Amino acid sequence: MKIIRWFSRFILKIIIWFFIVSIGLVIIYRFVPVPLTPLMVIRLVEQSIDEKKELRLYKDWVPMEEISRHASQAVYASEDQKFLQHSGFDMEAMKKAWEGNKKGKRIKGASTITQQTVKNVFLWPGRNYVRKGLEAYFTVLVELLWPKERIMEVYLNVIEMGPGIYGIEAAAQTFYGKSAKKLTRGEAAMIAAVLPNPIRWSPRRPTNYISGRQGWILRQMNNLEPLGWGN
């Protein structure tokens, strides 16, 4: 009985500390730039193991006022057009993805910008139920404690945009030799176009498919109400 009581108290302490640490981190990152993400660490390990790959970590955090307004509008148009309406989860897209999976089809679009931000900042790549549960938990926390503009700011600063390239400033400097606040509509749309697979695709060498996505994103940017965030 003593062992059972001890084990129960131990588990309870772990749960309490998990809530304290997780909520504390979300509150801290509401105001402080995210210095490193789990994905960045994983990519560095992968690069160090593969002798053919260059050890590379290029990131440069910039506040929203130093990012072109076209960048937020482009990812809003390409990744999550219901960003301003939902509370972290796009239920309609999740339902379509679920039905598509049952039929053996892969449906894109169920993951919102908030969920993608959470995956990058707090979690690791994976699809198991534990990770999915943590993703849902952090998504609720972030939506409760961060304004939408902060979610977008963090997203634009941590998302993988190429091999060893993280965030819009690093992408702008690498692909266009300019700061993020000087990106044009076309350049922002091109960067957004490769986000589904930034390791495979590059704004420097757009395929016909990527060029087509860029054109679609530009049209969507015109159709959506301007977010008004950025330079």
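Mentor: We call it a salt bridge when a side-chain nitrogen of Lys or Arg sits within 4 Å of a carboxyl oxygen of Asp or Glu. This is a predicted model, in which local features need pLDDT of at least 70 and side-chain atom pairs count only at pLDDT 80 or more, while totals for chains, interfaces and linings use all residues. Residues are numbered from 1 along each chain as its sequence is written, and side-chain values use heavy atoms, with hydrogens and water left out.

Trainee: Okay, which residue forms a salt bridge with K178?

Mentor: The closest N and O atoms of that pair are 3.1 Å apart. K178 is partly exposed at a relative accessible area of 21% (buried means under 20%, exposed over 50%, partly exposed in between, with a 1.4 Å probe and protein chains only). The other residue is buried at 15%, and the name you want is E187.

Trainee: How many salt bridges turn up in the whole structure?

Mentor: Let's look at one of them. E160 and R43 meet through their side chains, N to O, at 2.7 Å. E160 lies in strand 2 and R43 in helix 2 (residues 38–49), so this pair ties together parts 117 residues apart in sequence (helices are DSSP runs of H or I with at least four residues, strands runs of E with at least two, numbered from the N terminus). A search of the whole structure gives a total of eight.

Trainee: Is E160 buried or exposed?

Mentor: R43 has 23% relative accessibility and counts as partly exposed. E160 has a value of 9%. That makes E160 buried.

Trainee: Which residue is linked with R43 and E160 in a network of salt bridges?

Mentor: We've already met the R43 and E160 pair, at 2.7 Å. The network takes in one more residue besides those two, and that's E46.

Trainee: What about E92, which residue does it form a salt bridge with?

Mentor: Start with where things sit: E92 is in helix 4 (residues 91–102) and its partner is in the loop between helix 3 (69–79) and helix 4, so the pair ties together parts 10 residues apart in sequence. E92 is partly exposed at 45%, and the partner is partly exposed too, at 32%. With the closest N and O atoms 2.7 Å apart, the partner is K82.

Trainee: On to the sheet. What order do its three strands have?

Mentor: The sheet is open, and its pairing is mixed (two strands pair if DSSP finds at least two bridges between them). Strand 1 (58–59) and strand 2 (160–162) stand at the edges with a single partner strand each, so one side of each has no neighbour in the sheet. The order is 1-3-2.

Trainee: Which residue in strand 3 is the bridge partner of K59?

Mentor: Strand 3 covers residues 165–166 and pairs with strand 1 in the parallel sense, over two bridges. For K59, the partner in strand 3 is Y166.

Trainee: Where is D60 found?

Mentor: D60 counts as partly exposed, at 40% relative accessibility. As for its place, look in the loop between strand 1 and helix 3.

Trainee: How many residues of helix 7 are buried?

Mentor: Helix 7 spans residues 148–158 and is mostly covered. Among the buried ones are I151, V154 and L156, along with charged-looking names such as K148 and R150. The count is 10 of its 11 residues.

Trainee: How far apart in space are E153 and M1?

Mentor: E153 has its place in helix 7 and is buried, at 12%. In sequence, E153 and M1 are 152 residues apart. In space, C-alpha to C-alpha, the distance is 51 Å.

Trainee: And how far apart in space are K119 and Y76?

Mentor: K119 sits in helix 5 (residues 113–122) and is partly exposed, with a relative accessible area of 24%. K119 and Y76 are 43 residues apart in sequence. Going C-alpha to C-alpha, they are separated by 17 Å.
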